[in-house]
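Thanks for coming, everyone. Please have the sequence and the structure open while I talk, and stop me whenever a term is unclear.

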Amino acid sequence: MAHTSDNVVGVDNTFRRKFDRDEYLERAREREKQEAESRGKSKSRGPPVQRKPLKHRDYEVDLDSRLGKTQVVTPVAPLSQQAGYFCSVCECVVKDSANYLDHINGKKHQRALGMSMRVERASVEQVKERFELLKKRSAPGSFTEQDLDERILKQQQEEEERKRQRREKKKEKKKEKAAEEEVDMDPDVAAMMGFGGFSSSKK
């Protein structure tokens, strides 16, 4: 039996949500205002940090104290005991000397020390003082060619002495080794075999 549309009570499934445009516009404006305020706060956190200009390093960079030394490296060792060069200011490890020099001369390290990468502009008086100081250093009588010759001669003598000591040590080791070999072999057995010892005839 067919039903007519006047006596059918059904569900209205054609419902569409109606948005209040004014309310959502107001919300969007508030959100934009909050974002603009937060952006303004992040930019103006405070006055910019005034850093000191770059200065000369007043210490010697230690690059070769651990040169040629063997070290056991474990993954659980603290950073300062790991392989490479440790920077105590930035608390990082750099793998080789070239990169370590780049690091300690770089922006991040200098900022950690409280310095900017700008160099202080010298005045005319400071330049003149520096020239005077350099003139005094290179004044005649402070360092002569004779001093240079003496230093070179001294270095050559030290080198010769080191070579002589090395040769003597080698000779001593050879003598000890020859003595040990002679002790190991019975003289009667050596005589039966037809030789008196293992020492070489070369000198």
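Over residues 82-116 the chain is 40% helix and 23% strand, and the C-alpha atoms at the two ends lie 30 Å apart; helices (H or I, at least four residues) and strands (E, at least two) are DSSP runs, numbered from the N terminus. UniProt, in an unreviewed entry, lists these residues, 82-116, as "domain: U1-type", with positions given in the numbering used here, feature names shortened, and annotations that may be inferred rather than shown by experiment.

This is a predicted model, in which local features need pLDDT of at least 70 and side-chain atom pairs count only at pLDDT 80 or more, while totals for chains, interfaces and linings use all residues. Residues are numbered from 1 along each chain as its sequence is written, and side-chain values use heavy atoms, leaving out hydrogens and water.

The pLDDT, the predictor's confidence in each residue from 0 to 100, averages 78 over the chain, and 74% of the residues score at least 70. Among the elements of the chain, α2 has the highest mean pLDDT, 91, and helix α6 (residues 187-193) the lowest, 70.

Now the cysteines. How many disulfides, meaning pairs of cysteine sulfur atoms within 2.5 Å, does the structure hold? It holds zero: for Cys87 the nearest cysteine sulfur, that of Cys90, is 3.9 Å away, and for Cys92 the nearest, that of Cys87, is 4.9 Å away. Cys92 also touches Tyr85, Phe86 and His103, among others, not counting residues up to four places away in sequence, where contact means heavy atoms within 4.5 Å.

Conventions:
Disulfide = S-S within 2.5 Å.
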